[in-house]
Amino acid sequence: MNVLIVGASGLVGGNCQAYLTQFAEYTVHGTHLSYGTPASVYFNSCDLADPKNAEFTGFAPDVIVHCGALTFVDYCESNQEESYLKTVTSTANLLALSSQHKSKFVYLSTDYVFDGQQGPYTEEQLVNPICVYGAHKLAAERLVIDSGLPHLILRITNVYGNELRGKNFVARILNQIAAQEPISLVLPIDQYATPINALDVAKALKSLLDGDKQGIYHLGSTDYMNRYQLADRVVRKFAYAAATLTQTTTAALAQPAPRPLNGGLMSHKFLSEFPDFRFSNIDDYLTTKTHA
Ligand SMILES: NC(=O)c1ccc[n+]([C@@H]2O[C@H](COP(=O)([O-])OP(=O)(O)OC[C@H]3O[C@@H](n4cnc5c(N)ncnc54)[C@H](OP(=O)(O)O)[C@@H]3O)[C@@H](O)[C@H]2O)c1
């Protein structure tokens, strides 16, 4: 199966590329935008006419996995046009490419399509985004559904894991511990989600592709925790970590973009179809780290 991963220089795309590449039946190409990696080529999904774009006609992908988006939630709130371009227009462009190659389209989405009143959420619950990022992710989901192409929409949240840039929330804390830097974080205790290892997203993607599945799937681990609890779990693992974690509330933080407070995603549908699949959790991930 030929798989094109757009956004393979990032956390989710990078894990998907590294994981799928291990299997002989998969041939995987990955792309980057601003951060070149040894395993990726340049591709700007916001502008298919960009002369620097890699060419995939010969590769003829059976599957296109779209991991590109403007993911800075607060920045999206005050830069709506840029958010629309990078999240919605980029999806429309890649759907056109998918249509050209008759590829299955895999879209990575989020629990921010919900309002956070009733999480953790199942696929059947009503969407109601409360910030620009969530609204644009939902608009992109709808383009995918309306395209008529075979597709998967994978909703995820609070992703952590190994990545080249180490920029995710957990990786940044681990990097600070490793560098023996003092850590001082003020974190909300009322933003709940289901943190997930990007490697589990990659494994779930392979199961779904192998099973020729279509539709919306929620992927979440067994953890349901707030930001403070997640950071606390990480720093407690390393007795020598010099960390001051301070609890606060979302209201006190006054972040530009409203947050879905009781967010998170339930994997019941996925697990009912793949009963042998085991989602790992943050403690499992930390046991792979003998040093931060
Ligand atoms: N991380 C999370 O907690 C989380 C939660 C929910 C949903 N998601 C969704 O999962 C997807 C992947 O997230 P992530 O955390 O892996 O993000 P990430 O680490 O920021 O990676 C995003 C990737 O997309 C590329 N990209 C950005 N804009 C692009 C464009 N216009 N054209 C082509 N490539 C572009 C980036 O390239 P460069 O870095 O090379 O510029 C990078 O490879 C996103 O759709 C995000 O909304 C993530």
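I take helices (H or I, at least four residues) and strands (E, at least two) as DSSP runs, numbered from the N terminus. The model I am reading is a predicted one.

**Entry: the shell around the ligand**

I looked up which element gives the largest share of the shell around the ligand, and found that strand 5 does so with three residues. Helix 1, strand 5 and helix 4, the last running over 132-146, are the elements that give two or more residues to this shell. In total I find 30 residues surrounding the ligand, and the closest of them are Ser9, Ser34, Tyr133, Lys137 and Lys167.

**Entry: polar contacts of the ligand**

I then went through oxygen atoms of the ligand, and noted one that lies 2.9 Å from a polar backbone atom of leucine 11. For valine 159 I again noted a backbone N or O atom, 2.9 Å from an oxygen atom of the ligand, whereas for arginine 165 the N or O atom belongs to the side chain and lies 2.8 Å from a ligand oxygen. I also looked up the area, and the ligand taken alone exposes 900 Å², of which the protein buries 90%.

**Entry: helix 1**

Leucine 11 led me to helix 1, which spans residues 11-20 and has eight of its ten residues buried, so the helix is largely enclosed by the rest of the structure. I listed the buried residues as Leu11, Val12, Gly13, Asn15, Cys16, Gln17, Tyr19 and Leu20. What covers these buried residues includes strand 1 (2-6), strand 2 (27-32), strand 5 (104-110), strand 6 (151-156) and strand 7 (159-160), together with helix 6 (198-210).

**Entry: aromatic rings**

I counted ring pairs next, and the total comes to eleven aromatic pairs. For tyrosine 19 and phenylalanine 23 I read ring centres 5.1 Å apart and planes at 65 degrees, and because edge-to-face requires an angle over 60, the pair is edge-to-face. Is each partner of this pair buried or partly exposed? Tyrosine 19 counts as buried because its relative accessibility is 15%, under the 20% limit, while phenylalanine 23, at 24%, counts as partly exposed. Elsewhere I found a cluster in which ring pairs link Tyr217, Phe270, Phe274, Phe277 and Phe279.

**Entry: charges over rings**

Returning to arginine 165, whose side chain has an N or O atom 2.8 Å from an oxygen atom of the ligand, I noted that its charged end sits over the ring of tyrosine 35, at 4.0 Å from the centre of that ring. I noted a further arginine, arginine 227, which lies over the face of phenylalanine 169 at 4.1 Å from the ring centre.

Terms used: Residues numbered from 1 in each chain as written. Predicted model: local features only at pLDDT ≥ 70, side-chain atom pairs only at ≥ 80, totals over all residues. Heavy atoms only, no water. Buried < 20%, exposed > 50% of the residue type's maximum accessible area, 1.4 Å probe, protein only. Contact = heavy atoms within 4.5 Å. Phe/Tyr/Trp six-rings, centres within 6.5 Å; stacked < 30°, edge-to-face > 60°. Lys NZ or Arg CZ within 6 Å of the ring centre and 35° of its normal. Near = heavy atom within 4 Å. Polar contact = N/O pair within 3.5 Å; in protein donor to acceptor, adjacent residues only side chain to side chain. Areas by Shrake-Rupley, 256 points an atom, 1.4 Å probe, with all protein chains shown as cover.
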